[in-house]
Amino acid sequence: MLSVQPTESPVTGQSSIFNDLNVMGHEQVVFCSDNATGLKSIIAIHDTTLGPALGGTRMWNYASEQDALRDVLRLSRGMTYKAAISGINLGGGKAVIIADPYQDKTEALWRRYGKFIKSLNGKYYTAEDVGTSTKDMEFVAMETKFVTGVPEYMGGSGDPSPVTAYGTYLGIKACAKEVWGQDKLSGKKIMVQGVGHVGEYLVEHLVKEDAVVLISDINEDRLKYMSDAYKVKVVGKDSVYDQDVDIYAPCALGATLNSETIDRLKCSIVAGAANNQLQDETVHGEMIKDKGILYAPDFLINAGGVINVYMELEGYNRERAYGTADKIYDRTLEIIARSKDEGITTHEAALKVAEKRIRDIAKIKSKL
Ligand code: NAD
């Protein structure tokens, strides 16, 4: 049994978890525990107005169960808005497994997890996220059909990260167009934090365009591999925020934009793939705007991956996936324009568009 105290909310610190679920709008949160395999997982289904909840499974060695719950609640809500703003018919969900991705993976654990997903009868579809891979999804797929991002040789769309990186790259270019009048990135100094699946593909795009790329990661092997393969400069993980760069691209974990880090940033643009970059959407969205830094809403520009796995549900077509991800460029420019017109943060502008689509579609749902 997970020992989350029902009287302490991990998100607001207030009276109860149910209060958080109400405030954040979640429909269902499922705790999955299995002694035999050591599985400890939380599946959060945020909103299924637009379609079944879809979102990846994150495997992470969380410092506490409260941290894991906080993460899955925020991530699943982000998925709702990501699908909504991308014009795809999916709801928002996400799952976390509390475990060490380098040590704790077994076939049995993944298959047990697959059985839990199956029990939700298609209300939630999973895929990869931080700490999980197509190989893991292959085991999940042995137990349930409600899984995407399975390997191509099994009829799936494979790793969604290349499409996520492509969309993020387009979002970065749209921001460059806004700030410098043109979207060329050659010569621009770009700090990429986290060079895992998405980070590496993003670096590939940036290096191809002759950007000056700096990287950081907590995994020394990744740093060595990346600096050898792409000849990029490595920066210590604690000095990421102090770099004199044009663009900071967070591609590791969330909450890297907070009261401590925003103060230190020297860049003109923050645009990256990590989910939930703003520690507090309102406070830190405003703080970054006041500092004159253009922030690309994460759920807008990192939608390539969910677009890709959505296509898998409809019969995968790579061209269609990339074609849909192409729209991220114009959509980013539209959101920036709206934020300027209305004097609101880019995050708020993106939320407004996503929420309106959900409201509009909810109205026609019961009609024949
Ligand atoms: P990944 O696990 O492959 O890579 C994450 C990398 O970040 C790892 O190399 C890890 O060592 C590094 N990292 C962790 N903490 C760090 C820190 N403090 N400083 C520097 N590096 C750190 O994950 P990924 O699939 O590349 O995803 C990266 C981010 O993008 C995540 O926030 C994920 O939720 C988001 N995202 C991924 C996809 C996708 O298609 N994979 C889609 C949308 C959003």
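How many Å separate an oxygen atom of the ligand from an N or O atom in the side chain of Arg58? In this predicted model, that spacing comes out at 2.8 Å. Arg58 has company, so to speak: Ser161 and Thr164 each bring a polar side-chain atom to the ligand as well. Here are the three pairs side by side.

| Residue | Ligand atom | Distance |
|---|---|---|
| Arg58 | oxygen | 2.8 Å |
| Ser161 | nitrogen | 3.3 Å |
| Thr164 | oxygen | 2.6 Å |

On its own, the ligand has 830 Å² of accessible area, and the protein covers 89% of that. As for where to look, you'll find the ligand in the largest pocket.

Now for the neighbours. There are 23 residues around the ligand, and the ones that come nearest are Thr164, His197, Asp217, Ala252 and Asn275. Sort the shell by class and you get 11 polar, eight nonpolar and four charged residues.

Where do these residues come from? Both domain 1 (2-79 + 93-154) and domain 2 (161-356) chip in, with at least three shell residues each. Two helices are worth picking out on your screen too: H5 (161-180) and H6 (197-208) each supply at least two residues of the shell.

Conventions: Residues are numbered from 1 along each chain as its sequence is written. This is a predicted model: local features need pLDDT of at least 70, side-chain atom pairs count only at pLDDT 80 or more; totals for chains, interfaces and linings use all residues. Side-chain values use heavy atoms; hydrogens and water are left out. A residue is near a molecule or strand if one of its heavy atoms lies within 4 Å of it. A polar contact is a pair of N or O atoms within 3.5 Å; within protein, one must be able to donate a hydrogen and the other to accept it, and residues adjacent in sequence count only if both atoms are side-chain atoms. Accessible areas come from the Shrake-Rupley method with a 1.4 Å probe; for residues, only the protein chains shown count as cover. On a 1 Å grid over the protein atoms alone, a cavity is a set of points where a 1.4 Å probe fits but cannot get out, and a pocket is an open set with protein on both sides within 12 Å along at least five of seven lines; lining residues have an atom within 4 Å of a point. A molecule sits in a cavity or pocket if more than half of its atoms lie within 2 Å of its grid points. Helices (H or I, at least four residues) and strands (E, at least two) are DSSP runs, numbered from the N terminus. Ala, Val, Leu, Ile, Met, Phe, Trp, Tyr, Cys and Pro count as nonpolar, Asp, Glu, Lys and Arg as charged, and the others, Gly among them, as polar. Domain bounds come from an automatic or database domain assignment.
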